[in-house]
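Trainee: Hi! I'm new to this one and would like a tour. Can we open it and talk it through?

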Amino acid sequence: MNTLSRVSAIAIAAMMATTVASGFTRPAQAATLSGGFDVGPGGFQGNFNPLAATAGFTWLSIYFEPLVTYDAKLQKTVGVLASSYDVSPDQLTYTFKLVDAKWHDGKPFAAKDAKFTMELAKNAKTGSVLAARLTPVSSVEAPDDHTLVIKLSAPSASLMDTLTKVMMLPEHALAAIPADQLAKNAWWSTSPIGTGAFKFSKYVNDQYVELTANTDYRGGKPALEKIINRYFADPAAAIAALRAGEIQFTYVDSNDVPTFKDDKSFQVIEGNSFVVNYLGFNHESPIWKDLRVRQAVMHAINRDAIIQSLYGGAAKPANCAYVADQLVPKGIDDYAYDPEKAKALLKEAGWDEINGGKPITLLTYYTTPLATNVLAAVQAMLAQVGINVVPRAVDAPTYNSIVLKPDADISQFQLVYAGLQNGPDAGSINVGLNEKQIPPAGPNVVRARMPDLTAALDAALGEPDAAKRDERYQQVCKVMNGQLPWGTLWVANRYGVVSSKVKDFVWTPAPGGGPYQADPQRWSIAE
């Protein structure tokens, strides 16, 4: 049996604000913590529905909870609403024992709620972005109030990672809503209920969300009375609010870090993003059909220069989806910066006839100043070899609406600059590259149709022997490196800054904002 203990995570800090931003009003209580929880690539501003969340779990997991989550170091899964689990010898049956918990309206949480949630998450009609990840789940059973049984059609190495993102939902509150009407239902932003340490209080449109303490929380009465998530147009605005004392926490870019490093009023939190940034070639666009063109893009970009000058060295070049030593085979191409080689490859491929100097839309949802500078550098480097890209930055919902459409307009995203989780579970990239995940089935937004890559991914995900799984992922890396479904760039560190008066506050620069074990009931503010 695997016991899922809830251990304390690393304590970090941030202070209670005494000033109020122009146009923003909040209660002046000493036990209120405000933050820009949805700023940066780990956030998903304006999304209240965990089924639709591709990010924003830092905030959502304060009031919703999954069965299991990652610890604060993203090294192992720990229990939240599950106290333990057993896996059958054939790795096809997972049996979870559930804790005693209550919904925010006082009703008991039971296995039937977990079964209901899993069925919602599996159903694409609900708008669930998890449906494709849960394809191996053949059935879900609730034999009693405290037992949940998940059965698979085939072993899935990534099931536990997926379950960290399945936030439990109340059957009694949502069962009457038709599946195809659930995604846009007002319930999410007006009266959602979870089992977490804080419960939903109110949402002021495009300004902030307020949570209040769940005084009956099974983990103990929260130290804070309220937590507020402020909305900002960009990280620069959030940083200004942090310096002014209007909030106590926000995400920052690496180039913002030096201004906080030596200031004792703040603490900088740094960690691996577990996200690989890449240029995604839209494989339905004829301009990328020739492998030599994709190779030319890689050789045209001076990744080391970008990492040193823009990221301050806080990133590692990636030559496939992975940078972890055990997942990267020896002898793969490092695609060294070589603009002359890039020009030669383009000439061999007949680039002037394929596209020449015609503009190529480079779509991204990264809107930070750092991302803008990175794309400007990429644009200039590609221009030097004769590839004319035009960056277009949009917010995450707009990006998703463009790239996830089954009949998407290729001209709007011939190339994307994006990121995808490459850990803590190595199988996380499957949804972005497996041809079975092409929209609407899943988020393979580049429409990669590479049989060798799909076979390698399927083999890795279905490998029951953990000792052999790394070898399987090395094969995934090898195929990616040779066939270039993406132009992989780097895996960067991420940063948060908190004011130094908040105690026991935990933030981890996790992909998509987590989730992870943050124990928000312990967060407090020193007088």
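Trainee: Let me start small: which residue in S6 does Asp-86 stand opposite?

Mentor: Thr-95 is the residue opposite Asp-86. Before we go on, keep in mind that this is a predicted model.

Trainee: Noted! How many bridges join S5 to S6, and which way do the two strands run?

Mentor: There are 5 bridges between strand S5 (residues 82-87) and strand S6 (residues 93-98), and the two run antiparallel. Together S5 and S6 make a hairpin, with 5 residues between them.

Trainee: What stands out in that turn?

Mentor: Look at Gln-91, which has a positive phi of about 60 degrees. Gln-91 has this value although it is not a glycine. You will find Gln-91 in the loop between S5 and S6.

Trainee: Nice. Changing topic: in what order do the strands of the open sheet with S2 come?

Mentor: The order is S2-S11-S10-S9, so to speak from one edge to the other, as 4 strands form this open sheet with mixed pairing.

Trainee: Why is one side of S2 and of S9 left without a neighbour in the sheet?

Mentor: Strand S2 (32-35) and strand S9 (198-204) are at the edges, and each has a single partner strand, so one side of each has no neighbour in the sheet. From one strand to the next, the twist averages 20 degrees.

Trainee: And what holds strands of a sheet together in general?

Mentor: Strands of a sheet pair through backbone hydrogen bonds, in either a parallel or an antiparallel way. Here, S9 is joined to strand S10 (residues 208-213) by 6 bridges, and these two run antiparallel.

Trainee: Which residue in S10 is the bridge partner of Lys-202?

Mentor: That would be Glu-210.

Trainee: Let's zoom out. What are the domains?

Mentor: The domain assignment gives domain 1 (32-248 + 501-525) and domain 2 (272-493). Notice that domain 1 is listed as two stretches of the chain. The centres of the two domains, taken over C-alpha atoms, are 29 Å apart.

Trainee: How many residues are in contact between domain 1 and domain 2?

Mentor: On the domain 1 side 18 residues are in contact with 24 residues of domain 2. The two domains bury about 1700 Å² between them, with 60% of it on carbon and sulfur atoms. In domain 1, the residues that lose the most area to domain 2 are Ala-132, Ala-157 and Pro-511, which together make up 28% of what that side buries.

Trainee: How many salt bridges are there across that interface?

Mentor: The rule finds 0 salt bridges across the interface of domain 1 and domain 2. What the rule does find there is 3 residue pairs in polar contact.

Trainee: And how many salt bridges does a search of the whole structure find?

Mentor: That search finds 12 salt bridges. One of them pairs Glu-119 with Lys-115, and their closest N and O atoms are 2.8 Å apart. Both residues lie in helix H2 (residues 111-122), 4 residues apart, about one turn of the helix.

Trainee: Last topic: where are the cis peptide bonds at Pro-424 and Pro-515?

Mentor: Gly-423 and Pro-424 are joined by a cis peptide bond, with omega about 0 degrees. Pro-424 sits in the loop between strand S17 (415-421) and helix H15 (430-433). The peptide bond from Gly-514 to Pro-515 is cis as well, with omega near 5 degrees. Pro-515 is in the loop between strand S19 (502-503) and strand S20 (524-525).

Trainee: Thanks, that gives me a good start!

Conventions:
Residues numbered from 1 in each chain as written. Predicted model: local features only at pLDDT ≥ 70, side-chain atom pairs only at ≥ 80, totals over all residues. Heavy atoms only, no water. Pairing = 2+ DSSP bridges. Axes fitted to C-alpha atoms, helices over the stretch in contact; angles between N-to-C directions. Domains from an automatic or database assignment. Contact = heavy atoms within 4.5 Å. Buried area = accessible area lost by both parts, 1.4 Å probe. Salt bridge = Lys/Arg side-chain N within 4 Å of Asp/Glu carboxyl O. Polar contact = N/O pair within 3.5 Å; in protein donor to acceptor, adjacent residues only side chain to side chain.
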